[in-house]
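Me: I've got a chain open on my screen and I'd like to talk it through. Can you take my questions as they come?

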Amino acid sequence: MKIKDVIKKYSVFILGLYFLAVGIVLIVRSTLGTTPISSVNYVLSLNTPLSLGTWTFIVNVFLILGQFWLIRKDRRRQDIIEILLQIPFSFIFSAFIDFNMVVTSNLHPSSYGLAMALLLVGCLVQSIGVVLEIKPKVAMMSAEAFVKYASRCCNKEFGKFKVYFDVTLVTMAVILSLMFTQNIEGIREGSLIAACITGYIVSFLNQKIMTRKTLHKLLPIKNKGE
């Protein structure tokens, strides 16, 4: 593959990370909760001096270490490279989150209807980010990669393990919130809505709107089909 094509693929991936970060921040700003994948990070950011982006990076580092532990008995060169690539991308993603938290610092929905609208916009933007992230097929974010290696290690289906993983994160977030404040913060109805509809939006965008044919100028791929 030409260097120009590689640069394009990684540029699209990073653009996907930016949209993903914006989506997460908009969901947080809706005040109706956050996504399962950000639940622990958000609760920790509410109760410590560290920012949401900083906690995102810290948690991602733990997930990266966890992946190395999962492949300890079957270390493949390709897996090691894939895991190491997550470090710089996790840093970029975390920086995007903090940047957008600052940019949207004055965004406060004045009614429940506006909060719900902001939540739905966040889900859409996040879904666009997910599609742009997966289309280039150059890297994976730490959470998805952890689920990939964990499901492979346990010989379980990726989708089912992803559900277990998300439920575990939300449960941990609730426990941490209760430990810090004796109340549940950061987990609300928006968390459930985001968890339920994001996957459907991603599938629709991936198959009907943001296809490889649509993105052929950004993603130069010789083979046909999805």
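Reply: Sure. One term before we start: contact here means heavy atoms within 4.5 Å. Also keep in mind that this is a predicted model.

Me: Good. Which helices are included in what covers the buried residues of helix 3?

Reply: Helix 3 takes in residues 52-70, and its buried residues include W55, N60 and Q67. Going by contacts, the cover over those buried residues includes helix 1 (3-29), helix 2 (36-47), helix 4 (77-103), helix 6 (142-154) and helix 7 (158-181).

Me: How far apart are the end C-alpha atoms of helix 3?

Reply: Helix 3 has 19 residues, and at 1.5 Å a residue it should span 27 Å. The model agrees with that, since the end C-alpha atoms are 27 Å apart.

Me: Zooming out, what pattern does the protein chain follow along the sequence?

Reply: The protein chain has eight helices and zero strands. Read from start to end, that gives α-α-α-α-α-α-α-α.

Me: And what is the radius of gyration of the protein chain?

Reply: For 226 residues the globule rule gives 17 Å, and the chain comes close to that, so it is as compact as a globular protein of that length. The C-alpha trace spans about 50 × 40 × 30 Å along its principal axes. The radius of gyration itself is 18 Å.

Me: What percentage of the contacts between residues at least 6 apart in sequence join residues at least 24 apart?

Reply: Buried residues make up 46% of the 226 residues in the chain. As for the contacts you ask about, the share joining residues at least 24 apart is 77%.

Me: How much of the area that the protein chain exposes do carbon and sulfur atoms supply?

Reply: The chain exposes about 12,400 Å². Of that area, carbon and sulfur atoms supply 68%.

Me: Now S127. Is it buried or exposed?

Reply: S127 lies in helix 5 (residues 112-134). It touches T198, I201, V202 and L205, leaving aside residues up to four places away in sequence. Its relative accessibility is 0%, and the cut-off for burial is under 20%, so S127 counts as buried.

Me: Which residue's backbone oxygen lies 2.7 Å from a polar atom of the S127 side chain?

Reply: Helix geometry is handy here: an α-helix has 3.6 residues a turn, so residues three or four places apart point the same way. The backbone oxygen lying 2.7 Å from a polar atom of the S127 side chain belongs to C123.

Me: On to charges. Which residue forms a salt bridge with D79?

Reply: The count of salt bridges comes to five. In the one you ask about, the closest N and O atoms are 2.9 Å apart. The pair links distant parts of the chain, with D79 in helix 4 and its partner in helix 6, 73 residues apart. D79 is buried at 6% relative accessible area, and the partner, partly exposed at 33%, is R152.

Me: How many residues apart in sequence are E82 and K148?

Reply: E82 forms a salt bridge with K148, the closest N and O atoms being 3.1 Å apart. E82 is in helix 4 and K148 in helix 6, so the pair ties together parts whose separation in sequence is 66 residues.

Me: Last one: how far apart are the closest N and O atoms of R76 and D74?

Reply: R76 is partly exposed at 42% relative accessibility, and D74 is partly exposed at 39%. They form a salt bridge, and the closest N and O atoms are separated by 3.0 Å.

Notes
Residues numbered from 1 in each chain as written. Predicted model: local features only at pLDDT ≥ 70, side-chain atom pairs only at ≥ 80, totals over all residues. Heavy atoms only, no water. Helix = DSSP H or I, 4+ residues; strand = E, 2+ residues; numbered from the N terminus. Buried < 20%, exposed > 50% of the residue type's maximum accessible area, 1.4 Å probe, protein only. Polar contact = N/O pair within 3.5 Å; in protein donor to acceptor, adjacent residues only side chain to side chain. Expected span 1.5 Å × (residues − 1). Rg over C-alpha atoms; globule rule 2.2 N^0.38 Å. Areas by Shrake-Rupley, 256 points an atom, 1.4 Å probe, with all protein chains shown as cover. Salt bridge = Lys/Arg side-chain N within 4 Å of Asp/Glu carboxyl O.
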